[in-house]
Amino acid sequence: MDELLPNLSKKAKQPLYIQLYNYIKKEILAGRIKSKEKLPSKRKLSQHLGISLNTVQAAYDQLCAEGFIERKPRQGLFVTLMEEDLSPYQMNEPKMEVIKVHEQTTIDFNSGKVDTAHFPFTLWRQLTVQSLYREQGNLFYNGDPQGEPYLRQEIAKYLFASRGVICSPDQIVIGAGTQLLIGLLCLIIGRNFTFAIENPGFHRIRTVLQDQGVNTAFIPLDYNGIDVHLLSNTDAHVAYVTPSHQFPYGMVMPISRRIELLKWAEERDAYIVEDDYDGEYRYKGKPIPSLQGLDAREHVIYLGSFSKSLIPSLRISYMVLPPALLNKYQERFMIYKQTVSRLHQDTLFQFMKEGHWERHLNRMRTLYRKKHHVLLLSINKYMKSHVKIIGEHAGLHIVLEVNNRMSEKELIESAIYVGVKIYPLSIYYTAVEKELLPKVILGFGGLSESEIEKGIQLIAEAWNIL
């Protein structure tokens, strides 16, 4: 066959592999590359065009996925499309919104994933079996609506030692996930109050509040977290915040802003919902005490979860209620049965009481610190000045601001082309300022160190910033 001579440009809006993919597809559709004709090997084509192997591989993979070419073992790549089967509409340029996901997507920067490979499955199974036999069936019946008392006692001890949360076991209510607890909290506080939430903020909490029918006020962020001055200009009686690692931006609220927020709550006789969803993981500086631990006026409701520190499917979360709300809960809402399996609660109790919890956390902190380090090094190595890292001091995800003239959608879809999944920041906004540079979220907890570096390298190439 004649040599392929695509006009590829690194300055073009589309990544190189999309340009190459479009060129080969058009040549096939036009009949200039014949059916059953063999294509150059990816190594030969990369050398001929002066582009990387990964670029050629990505273009070939998409052509294979769409059925234009096929791989034959030990022979190479061949065109499969017959000219007589072509329809005029097939000559249209492909649209980004209908492009298929890469059939070999293997690197997923999902912020909700954790490292399950290091979860102590064998030990957890042993403790679960012990729970079944130790109680001789007692756990088969309904338990305390607030959660098992002995588990709440272990949680209270842990929170005081690690996060400075001051509470008794009686103040803790266990539930199957933060969303469920937020729904219960709306009932306890009352739906006639306005709830303020961060913008951008956790979209699942926003959905719960809206489904509960409460008024919501969306408060912008500044460098230190929620803007308390703007919060004061609303009629909000409750403020939902993520001070230890703001979701999704990742900033850690400094002590000065925490005191400012507590002062707002005291002056307004309002409540602060402190969601400490991944407060166990911090990579720079000393841990900052929880808002609840700083609160002398009992205006803070503390939320925590075991989803990031153990595994998400356990569905064990908890909230610490201040005395006034605890009394209201116990008077009116104890009729709601406990939503977490007593068996899982008992297994977790044993896990914590016997010291396995602290050892597991220490191992995971070391593991995630290494992954976090690899992520930052890889971004610096392959992306350099083309991106800005946001929120890198804590948690299991970062935000990446990208300056390469691509939109958020194009950044995500081009990454999919090379087998990497990344996620939009825009879904966490109620409204996005159009002048802002596009940003994406990269979670690293569920990936190995080699996957992290490889994923960043592939993304950099897809974005033409390598």
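G304 stands opposite Y318 in strand β11, and this briefing starts from that spot. The model is predicted, so local features need pLDDT of at least 70 and side-chain atom pairs count only at pLDDT 80 or more, while totals for chains, interfaces and linings use all residues. Residues are numbered from 1 along each chain as its sequence is written, and side-chain values use heavy atoms, leaving out hydrogens and water. Helices (H or I, at least four residues) and strands (E, at least two) are DSSP runs, numbered from the N terminus.

**The sheet around β11**

- Two strands count as paired if DSSP finds at least two bridges between them.
- Strand β10 (residues 300–305) runs antiparallel to β11, with four bridges joining the two.
- Strand β4 (residues 172–175) also pairs with β11 in the antiparallel sense over four bridges, and V173 has M319 of β11 as its bridge partner.
- Strand β9 (residues 271–275) pairs with β10 in the parallel sense, again over four bridges; here D275 is matched with L303 in β10.
- Taken together, eight strands form an open sheet with mixed pairing, in the order β4-β11-β10-β9-β8-β5-β6-β7.
- The edge strands are β4 and β7 (225–226), each of which pairs on one side only.

**Two covered faces**

- A handy rule: in a regular strand the side chains alternate between the two faces of the sheet.
- Buried means under 20% relative accessible area, exposed means over 50%, and partly exposed lies in between (1.4 Å probe, protein chains only).
- Which residues of β11 (residues 317–320) are buried on its two sides? S317 and M319 are buried on one side, Y318 and V320 on the other, and both faces are covered.

**Helix α6**

- Helix α6 has twelve residues (178–189) and should span 16 Å at 1.5 Å a residue (the expected span is 1.5 Å times one less than the number of residues); its end C-alpha atoms are 16 Å apart, which agrees.
- Nine of the twelve residues of α6 are buried, so the helix is largely enclosed by the rest of the structure.
- Among these buried residues are L181, L184 and I188, and C186 is buried too, with a relative accessible area of 0%.
- Just after α6, G190 takes a positive phi of about 115 degrees.

**Cysteines**

- C167 has 19% relative accessibility, so this residue counts as buried.
- How many disulfides are there, if a disulfide is a pair of cysteine sulfur atoms within 2.5 Å? The count comes to zero.

**Aromatic rings**

- Rings of Phe, Tyr and Trp (its six-membered ring) pair if their centres lie within 6.5 Å; planes under 30 degrees apart count as stacked, over 60 as edge-to-face and the rest as tilted.
- The structure holds 14 aromatic pairs.
- One of them is the tilted pair of Y150 and F349, with 4.6 Å from centre to centre and 55 degrees between the planes.
- This pair links distant parts of the chain: Y150 lies in helix α5 (residues 149–163) and F349 in helix α12 (residues 342–353), 199 residues apart.
- Y150 is partly exposed at 24% relative accessible area, whereas F349 counts as buried at 11%.
- The ring centres of Y281 and Y368 are 5.0 Å apart and their planes are at 80 degrees, so this pair is edge-to-face.
- Y281 sits in the loop between β9 and α10 (291–294) and Y368 in helix α13 (residues 356–382), 87 residues apart; both Y281 and Y368 are buried.
- F119, F121, W124 and F351 form one aromatic cluster.

Terms used:
A disulfide is a pair of cysteine sulfur atoms within 2.5 Å.
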